Amino acid sequence: MTQRTLFTNAHLLDGQNAAVAGANVVVEGRHLTHVGTEPVQVRPEDRVIDLAGRTLMPGMVQSHFHAAFGPVPDPSPPSLGLEASSTYFGMLGVRNAKLALEHGVTSVIGSSNPAGLDVSLREAGLLGIAEVPRIVPCTREFIASGDYADGNNRSWFMQLGEHGALRHVNGVEAMRQACGEELGRGARVVKLSIARGHGVAPTEDHSYYTRGEIEAAVDVANTHRGFVRAHCPSAVGVRMCAEAGVRIIDHADRIDAAGIEAVLEAGAFITPSMLWTVSFVRLSEGWDHSAMPFPINVGIPEPHHEVLERIDGVRRDLEYTSEMVPKMVEAGVKLLVGDDFGFPMMPHGDYVSEYEIYTETLGIPPLVVLQWATRNGAEAMGRGDELGTVEVGKLADLLVVDGDPSTDIGVLRDGIRLVMLDGEVVRDRLEEPAS
Ligand SMILES: [Zn+2]
């Protein structure tokens, strides 16, 4: 008989509803077989974990995950996947995946990476040679010629056939070929770069890709049981992506009312990922520009006044997004958590800092943000029927947490005591003294 794990006396956050006290949850093999406040008959071979009021909740989903972002030996441009060897990025990816798991992330949705890293990490997990969350692997970031990341990262003059985490794709046929190739090699998400902004420079209301190119990507992704996500901080881009069937619209900084409508109509998801822009603006506000050039640049030299204008543009975009995110919540848009972790000022593992922008700065209830991190993430993976909530029949991806994240989301920073992935305990700090 399969050994059962019984979590008793749990403060249950099931991923959808308000907390329930005194819950009992049974895990049998990989699945949840009981969830509720009724008592459970204990069998002699059961492992019983009395949670004594600790929180039990679903494992979290980082829905914008860059496996290769992090410290590199040479941080100077060109950026994004050319700063080190593929071997180095492989090691960085293993470290980042492990950090995510330790911080309660049981699933990630990739958002571009070099050298097939996401696919390799997933394989390494399946073969038992690395400890990784569930991974929905992503392609490289497909960019049109002229994309902001194109000439600016200087890789062009190196005449490299391989552009690290980026891949030039122009035209419908080339799009079909690039999608087919990378999806055929194991990716399940195609990443498109639609517009500039939400990075080191202000947004612009444009789209690098045509409607036809975006639809081609969606069509090929569908045939591989995959989907498309898009770096898309422009109003016109949001509308076009939603209408073309892009599942995850990243950033959406300049979304307007028509964009919200299109996203709702399509059932698409949005990853606001505000931690990066907040961190960028904070750094710039404290920077003494007379003492030293601002260290986050566009890769090409700029006169000082242009640097200041660029920073100011990013700040205005952030102000606009800060007003739009609560409006999206009110309208019923399905939001996700995830950001460019591994970038400066936001190391992998510090995922709670993003959540706190929504709860503390924007005043969104923590329970709502937890739904983005659990139920919505699972739906975006296309696995809402198996993951994302604590319900009978679902897979056992669970966390035990000291404190109640639905009233103080910050307890997720140091309070995670146990991580269960697919019915297996992969982290157990239940007996350690509280930090
Ligand atoms: Zn990103």
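**Exercise 1.** Which residues in H8 meet which residues in H9? Describe the geometry of the pair as well.

*Solution.* The model is predicted.

Step 1. On the H8 side, the contact is formed by Thr277, Val278, Phe280, Val281 and Ser284, and these meet Ile311, Val314, Arg315, Asp317 and Leu318 in H9.

Step 2. Sorted by character, the residues of this contact comprise six nonpolar, two polar and two charged.

Step 3. Two packed helices are described by the angle between their axes and the distance between the axes. For H8 (residues 275–285) and H9 (residues 304–331), the angle is about 135° and the axes are 10 Å apart.

Step 4. H8 and H9 are therefore oblique to each other, and H8 passes H9 in a left-handed crossing.

**Exercise 2.** Determine how H4 is oriented with respect to H5, and list the residues through which they meet.

*Solution.*

Step 1. The axes of H4 (residues 172–184) and H5 (residues 211–223) are 9 Å apart and enclose an angle of about 30°. Angles under 35 degrees count as roughly parallel, so H4 is roughly parallel to H5.

Step 2. H4 passes H5 in a right-handed crossing.

Step 3. Val172, Met175, Arg176, Cys179, Gly180 and Leu183 in H4 meet Gly212, Glu213, Ala216, Ala217, Val220 and Ala221 in H5. The residues of this contact divide into eight nonpolar, two polar and two charged.

**Exercise 3.** Identify the buried residues of H7 and state what they pack against.

*Solution.*

Step 1. Within H7 (residues 257–266), Gly259, Ile260 and Val263 are buried. They cover an arc of only 100° around the axis, which puts them on the same side of H7.

Step 2. The general rule is that an α-helix has 3.6 residues a turn, so residues three or four places apart point the same way.

Step 3. The exposed residues Ala257 and Glu265 are carried by the face of H7 turned away from its buried side.

Step 4. The partners of the buried residues of H7 are helix H6 (235–244), strand S13 (248–251), strand S14 (269–271) and H9.

Step 5. Just after H7, glycine 267 adopts a positive phi of about 70°.

**Exercise 4.** Is leucine 121 buried or exposed? Name its contacts beyond its neighbours in sequence.

*Solution.*

Step 1. Leucine 121 belongs to helix H2 (residues 117–126).

Step 2. A residue is buried if 20 or more other C-beta atoms lie within 10 Å of its own. Leucine 121 has 25 other C-beta atoms within 10 Å and is therefore buried.

Step 3. With neighbours within four places in sequence left aside, leucine 121 is in contact with Ala67, Gly93, Ala97, Ala130, Val132 and Ile135.

How values were computed. Residues are numbered from 1 along each chain as its sequence is written. This is a predicted model: local features need pLDDT of at least 70, side-chain atom pairs count only at pLDDT 80 or more; totals for chains, interfaces and linings use all residues. Axes are lines fitted to C-alpha atoms, for helices over the stretch in contact, and angles run from 0 to 180 degrees between N-to-C directions. Helices (H or I, at least four residues) and strands (E, at least two) are DSSP runs, numbered from the N terminus. Angles under 35 degrees count as roughly parallel, over 145 as roughly antiparallel, 65 to 115 as roughly perpendicular and the rest as oblique. A crossing is left-handed if the near helix is turned anticlockwise from the far one by less than a right angle, and right-handed if clockwise. Two residues are in contact if their C-beta atoms, placed from the backbone, lie within 7 Å. Ala, Val, Leu, Ile, Met, Phe, Trp, Tyr, Cys and Pro count as nonpolar, Asp, Glu, Lys and Arg as charged, and the others, Gly among them, as polar. A residue is buried if 20 or more other C-beta atoms lie within 10 Å of its own, exposed if 12 or fewer, and partly exposed in between; C-beta atoms are placed from the backbone. The arc is that of the directions from the helix axis to the C-beta atoms.
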